[in-house]
Every structure is written in C-alpha cells, then in structure tokens.
Amino acid sequence: MKGGLAKISMIIWKDLLTEIRTKELFGGMLIFAVLTIITFNFAFDMTGTGKEASGAGAMWVAFNFAGFLGLGRSISLERDKGSFDGLLLCPVDRGTIFLGKFIGNLLFISLVELISVPIFAALFDLNVFQPLLLLALFLGTLGFAAVGTLLAVMAASTRSREVLLPVLMFPILLPVVIASVRVTTLILTGQTNDVGAWLNLLGAYDVLFLAISYAVFDRVVEE
Amino acid sequence: MIVKGKSSWASSLGMVLGLLTAITMAIGMYLGLVYAPKDVIQGNAQRIFYIHVPMAWVAFLAFGVVFLAAILYLWKRALIWDQIARSSAEIGLVFTTLVLVTGSFWGRPIWGTWWTWDARLTTTLLLWFIFLGYFMIRAYAGDRGRAATYSAVIGIIGFFDVPIIYESVNWWRTLHPESVVSVTSANMPGEMVVALMVCLLGFTLFYLYLMIQKFGIERMKDQLIDYQYALSEREAEGVTTA
C-alpha cells in the first residue's frame, strides 16, 4: 500500500509539473470561475433579500463550469501528446492511475476554489468561511472530481469531447448540485437544522461513485 | 444455416408474443376506457393512468435490463450483452419519453400545469437525459468495442444515480401523488385494479415483443459490420497478392 501511495503521488506530481511548465489549465479555470461569478452578479438581483440563495447557486454553477473546463483540458492534454498511453504502459495498477488522476483533478479544482471563494465572498458580501460550508464545498468537489475523472477519460477518446462531457455529467451530478447548493443556502441563511442530512447525502454519493469509478476504470482504459 | 434456424425460431416467438400483446392490450384498453368506473374527483382524465403507469414500469424494467446486461458485458466482454443492453436502452428511452408526455397531459387538467419540479418528474427527466447521453457516447465513440464499454459505464452509473436523484429532489420538494398500489392494499376500486393489472401485463408483453425484434436487428447490424470488415480484409489481401 505504501508503494501504491508513492505511485499515486508520482502521478499527481507529474500533473502538477506539467501544469507548472505549460500553465494551460489553472489560469483559465480561475478566470473562468471568477467571470461566471461576475456575470451572475448582473443576471440576478444581488442587492435584495434572496442574495444568499442566488449567491449559493452562482458559486456552484461557477465551480461546475470551471471544473468541466479543467477536466476536459487535463485529459485532452494527456491524449493529444500520447502521454496517457505512456501512463497506461507503466507497471502500475489501473486503479492507481485512476486515483492519481482523480486526486490531481481534485487538487486543481480545489486550488481554483481556494482563490475564487474569497473573491466570491467579497463580491457578494457573504460570510462563506464557516466550517460546515467548507466541508460541503470539499465533499461536493470530491463527488464532481470522482465522476468527472472517469467521464472525462471516456469523453476524451470520442469525437466532440467538449460537448459530450457536460452532457454526460450534468444529469449524473444533479444530486451533488442540489445538495451542495442547499447546504450553502441553509448555512448562509442560518438554518442549520437540515444541514446534516444533506452532508450525509453528499458523503454517500462520494463513496458510491468513487467506488464505481474505481471499479470500472480498468475496463474503460482497456479500449 | 444455424443462424437462419435461430432467427426463424426467434421470429415465430416474436409473432406469438406480438399476437398475445395485441390481444392483452385490446382487453386492457377496453377495461381501462369502458369497464373501470370514472374517477369521482379526476373524471376521465384519470384514465390516462392505465397507460401512463405501465409505460413507466416498462421504462424502469428496460433500464434494469440495461444495468444487468451492462455489468455482464463489462465482466464477460461478449458482444451479445451489449446487443441486449442497447436494445433495451432504446426501448427504455422511447417509453421514458412517452411517460413524460402522458404525464404532462394528465398534469395539465389535474394540477393545472404541464410540468412541476417534483421528485418523480425530475428523476424521470434526468433519467431521460442520462440515456440520451448513453446514445450520444455510442454515436461519438467511433469504435464498436469502445461504444459498448462506455455506454455500459453510463448504464451502470445511471442505475445507481436514479435513487439518489429521487431522494435529493424528494427532500428538496415534492408534489406527485403517492403510489396508490402497494403489495398489501390497493387504495382504489377493484375494477380499476383489474384494468391496471391487465394493462401492466400487456405492456410487459409489448416490451418483450419489442426486445426480440430490436435484438434481432442489433445482432444483424453487428453481423453486417463483421461481413464488411471481412470483405475489406479480403479485398486488401487481393491487392497485396496481385
């Protein structure tokens, strides 16, 4: 298992190094997320009473969009340069490759959130720095990255991958979107009674879909 | 020769099933439209229920078959499981569309709206989109094996996702009438139950009939691809030896 961890961290390190050298992913995702938040500021009325609910929605839509962009790019980068084939030829378990790519994607999206959440909080004047809210943010991102890594690998080897990834992911991700937006709204409006149930739902979704993705990844990359 | 024998066996089974389907559905329509009493509150609008509920059942049955066939395909890698899965998925998608449409027709007079974001409606709509994705990834995959594997993954994920979508939307808000038929007690007049049961049987037979037809078509499509491939290989061989 210790060897497995080392291998996973090697894959993550490879992705980080690629990003440091090419700078193709992170900047684009971040700017995209912030621009989405800014656009929502004009799409909704952010001065009135309902700004907590619209704000929570705006934040999650921004992260989802930026996430789609990042996932698609991170895998197509691998596919274009043939490095994914190299990765598959490595003497490591396919599940390990999945975990490496998954944690790498999780890391990238989390970094984007780390910078854009404070910007969001400042622009919308909402206090988002609460432990439960940050936990929901993490669990939601985890579920997104788990399903997203698997589907992005699939979509990347098809024609019209940019279109296919969101079309496949949006319906499957709906529980994550509902639960995350709900938790965020409830915490921002101070109604913390039902938060536990929603966090459980998010946690259950994460565990289930991480397990499925891990189990079928081997079959997917065989093709 | 063996292939031919098989297909004639399947086509006679298909004929028998088709005949049974037609008879059962005709009886079901009579029971639903004439025999069953008019609903006191909803009036005749309630009668759409005799096709709406069986169609929903067929859609879920079809996606259940997709799920099992998808697992078997990923496990055994035999093309027959993919042929079954994609046949069933197509029937499921058609019936999901019909469920959404007939539900809307009922919702307009009874709820006063074509659409509402309650748990069952939203889940059914999302299921529809998931299986639209199923066919999109098949169309864009390019290669037959890849299409089968990728769509199998979507079939499996979709099956697990549906109860979670249902729960999450249910917690969010709900308006759909509660299930009126349960195993222990049926909360409606006996005539209605009889009509519903006959319609359920009719639509299930219809599903089996469609499955046999569709499976035959999908199998022939794959055979055709194999023949075309063999033919092009032989032609290529001829070119190199000449």
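## Aromatic clusters and pairs

In this predicted model, one aromatic cluster is formed by four residues of chain A: Phe65(A), Phe68(A), Phe144(A) and Phe170(A). Over all chains, the structure holds 21 aromatic pairs. Among them is the pair of Phe105(B) and Trp114(B), whose ring centres are 6.4 Å apart. The planes of these two rings meet at 70°, and the pair is therefore edge-to-face, since planes over 60 degrees apart fall into that class. Trp114(B) has a relative accessibility of 46%, so this residue counts as partly exposed.

A further pair joins Phe131(B) and Tyr134(B), with ring centres 5.4 Å apart. Here the planes lie at 35°, so the pair is tilted. An angle of this kind is neither under 30 degrees, as stacked rings require, nor over 60.

## Helix α4 of chain B

Phe131(B) and Tyr134(B) both belong to helix α4 of chain B, which covers residues 119-141. Because the two residues are three positions apart in this helix, about one helical turn separates them. Phe131(B) counts as buried because its relative accessibility is 2%. Tyr134(B) is also buried, with a relative accessible area of 1%; the cut-off for this class is under 20%.

The length of the helix can be checked by a short calculation. At 1.5 Å a residue, the 23 residues of α4(B) should span 33 Å, because the expected span uses one less than the number of residues. The C-alpha atoms at the two ends of α4(B) are 32 Å apart, which agrees with that expectation. After α4(B) comes Gly142(B), which has a positive phi, near 90°.

## A charge over a ring

Chain B also contains a contact between a lysine and an aromatic ring. Lys76(B) lies over the face of Trp75(B), at 4.2 Å from the ring centre.

## A nonpolar surface patch on chain A

Ten residues need not be adjacent in sequence to share a surface, and the residues of this patch are Ile31(A), Leu35(A), Ile38(A), Phe42(A), Leu107(A), Leu111(A), Leu114(A), Ile115(A), Ile119(A) and Leu123(A). Together they make a nonpolar surface patch of about 910 Å². Two elements of chain A, α2 (26-43) and α5 (94-124), each give two or more residues to the patch. The largest share, six residues, comes from α5(A).

One member of the patch, Ile31(A), is found in helix α2 of chain A. With a relative accessible area of 53%, Ile31(A) is exposed, because that class begins over 50%.

Note on methods: Residues numbered from 1 in each chain as written. Chains lettered and ligands numbered in written order. Predicted model: local features only at pLDDT ≥ 70, side-chain atom pairs only at ≥ 80, totals over all residues. Heavy atoms only, no water. Patch = residues over 30% accessible without salt bridge, like charges linked within 9 Å, V, L, I, M, F, W, Y side chains within 5 Å. Areas by Shrake-Rupley, 256 points an atom, 1.4 Å probe, with all protein chains shown as cover. Salt bridge = Lys/Arg side-chain N within 4 Å of Asp/Glu carboxyl O. Helix = DSSP H or I, 4+ residues; strand = E, 2+ residues; numbered from the N terminus. Buried < 20%, exposed > 50% of the residue type's maximum accessible area, 1.4 Å probe, protein only. Phe/Tyr/Trp six-rings, centres within 6.5 Å; stacked < 30°, edge-to-face > 60°. Lys NZ or Arg CZ within 6 Å of the ring centre and 35° of its normal.
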